[in-house]
Amino acid sequence: MEKKEGLFNKTLMVTLANGKKVAARIKNPIAGPDHLMTSSEVATMDFVRHNLAIPVPKILAWSSHAANNGVGAEYIIMESAPGVQLSTVWRTMDSRQKKTVVNSIVALEQNMLNAKFAQYGSLYYRDDIPESKRAPRLYAHGSRRFGSEEKFCIGPIAHRNFYEDERATMDLDRGPWSSPEDYLRSLALREEAWISRFAKPNIHDDPFRNVSGPQLKEEHLQCLEQYRSVIPALVPTARKVLASNLWHSDLNPGNIFVSDDDERRVVSIIDWQGCWAGPAYLQMTSPSFLACDGAGLPSGLDFPKLPAEYDIMSQDTKAIMREDHKAQMLHKLYEIKQLYPYRISDREARTMPVRAAGRTWKDGILPLRLALLDIFSRWAELSRSDEPCPLRFTREEVQELKRQRDRYVDWHDFLDDVRTTFGMRLYGWVSPHEYPSKRALLEGTRSRLPVALTSQLEEILPQDWWPFRDTVPLPSAPEVRV
């Protein structure tokens with residue numbers, strides 16, 4: 001038996017007496033809401049497997065009621081995914097094989113885009129959700145039907161962001177929502193309610209998201225109210241991009257399995273925890289393994305080209321340029337096939353406020369303020385009417401926000417450089433066996449920094465600028481923060 005532990009789940013890879021391999025996954029309490037998270041994931045996997053022909057492991061047994069089973073925790077037992085993880089072979093695959101993977105992902109996601117639901121929310125078996133919390137119908141009017149309407153329903157969103165900390169016990173609007181405006185508004189109202197009652201300075205104590213200055217409730221509430229005032233301008237008009245579609249938001253190479261042969265076709269996709277049916281224009285993003293530097297990517301239907309000075313470069317530099325070009329070509333292939341048909345004007349201006357509104361106390365208020373400033377500057381293009389922009393910024397406020405933006409970017413560039421240098425994952429997570437050595441290395445590094453440098457950093461960067469510090473109790477999870 002092999003044991004795999006993560007922040008949100010513990011998984012046991014078991015070989016049965018008959019030789020069959022299964023995965024038994026136990027949900028950690030912090031993963032998301034009781035019952036809803038597990039029951040929605042099971043229903044979603046069932047739906048996409050049988051109705052949309054998405055290759056996912058078959059569910060063999062499950063329980064979303066920890067108090068009523070012998071395990072004492074929510075669990076899912078499923079068949080082991082066939083093939084090999086993409087993460088173990090991606091670097092050794094040739095261009096043809098990588099193109100096959102991209103085309104496979106596009107085809108599978110197209111199946112999901114074909115299913116348009118009546119409302120926004122998570123997918124469940126009808127019997128798992130009270131009738132009062134179900135959307136009245138499964139599919140949108142006039143859309144293609146994939147059957148099982150008597151079996152499945154759209155219900156409240158099961159995403160952990162709606163249940164973190166005290167939010168789990170609060171009376172919040174968790175859907176299902178009948179319009180994108182309702183969903184966008186619920187993000188702000190959720191945070192306003194939580195900030196008003198429970199927010200404390202630095203409650204998350206996350207140095208990787210730290211910003212200078214104290215967090216003031218009044219500033220957050222005012223900024224969220226401003227966000228709510230511009231919601232109508234954030235929603236595109238094209239019906240296609242507003243469709244309610246299921247989407248896998250975490251297609252990292254560890255969640256994709258490919259065939260163990262020369263073809264390398266996609267044979268299974270795992271980890272559907274937290275997936276939900278939301279507005280297509282907010283759901284659709286490129287898979288993380290296709291990420292590349294966007295600075296050199298042409299817009300629209302144009303493909304990237306090698307640099308004009310390529311012929312005079314050294315052989316080593318040419319090799320690097322060719323690899324970068326291949327990565328850009330794969331990204332562009334996905335973009336043109338999948339994202340381009342769902343393009344909207346001013347995408348970043350419309351989506352950034354939505355991403356920032358639900359995280360102001362975690363990430364600081366600056367990202368939302370900058371997003372609102374962008375809306376203010378683009379109001380003529382975004383607004384559907386002649387109504388004046390409800391936002392106001394003085395010249396001095398604009399200049400100060402730009403100064404804060406530059407400082408914020410410098411700070412996060414510094415954090416990325418430090419994290420990469422010391423070989424740590426996002427937010428400082430390391431595997432347990434590395435923790436003692438990494439901690440000793442970091443403490444030694446900081447102690448050797450020149451006093452003049454640390455004094456300068458303390459002046460220009462947030463208080464307690466050193467990001468790797470133990471200031472909260474260590475979690476019981478197998479990975480710990482240093």
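Which residue in strand 3 does L12 stand opposite? In this predicted model, L12 faces A24 across the pairing. The two strands concerned, strand 2 (residues 9-15) and strand 3 (residues 21-27), run antiparallel and are joined by seven bridges.

Strands 2 and 3 belong to an open sheet of five strands, arranged in the order 1-2-3-5-4 with antiparallel pairing. Strand 1 (2-5) and strand 4 (59-63) form the edges, each pairing on one side only. From one strand to the next, the twist averages 15°. Helix 1 (residues 36-50) lies across strand 3, strand 4 and strand 5 (75-79), and runs at about 160° to strand 4.

Further along the chain, attention turns to a pair of helices. Two packed helices are described by the angle between their axes and the distance between the axes. For helix 5 (residues 217-229) and helix 11 (residues 366-377), the angle is about 35° and the axes are 10 Å apart. The crossing of helix 5 past helix 11 is left-handed. Helix 5 contributes E219, C223, L224, Q226 and Y227 to the contact, where they meet L368, R369 and L372 of helix 11. By class, this contact has five nonpolar, one polar and two charged residues.

Finally, the interior was searched for empty space. Across the whole structure, two cavities of 30 Å³ or more are found, and the largest holds about 80 Å³ of space. Ten residues line this largest cavity, with E164, R167, E191, G358 and K362 the closest to its centre. Helix 4 (180-198) and helix 10 (360-363) are the elements that each give two or more residues to the lining. By class, the lining has six charged, three polar and one nonpolar residues.

Note on methods: Residues numbered from 1 in each chain as written. Predicted model: local features only at pLDDT ≥ 70, side-chain atom pairs only at ≥ 80, totals over all residues. Heavy atoms only, no water. Axes fitted to C-alpha atoms, helices over the stretch in contact; angles between N-to-C directions. Helix = DSSP H or I, 4+ residues; strand = E, 2+ residues; numbered from the N terminus. Left-handed = near helix turned anticlockwise from the far one by under 90°. Contact = heavy atoms within 4.5 Å. Nonpolar A, V, L, I, M, F, W, Y, C, P; charged D, E, K, R; others polar. 1 Å grid on protein atoms, 1.4 Å probe; cavity = no way out; pocket = protein on both sides within 12 Å on 5 of 7 lines; lining within 4 Å. Points joined across faces, edges and corners; volume = space filled by probe spheres on them. Pairing = 2+ DSSP bridges.
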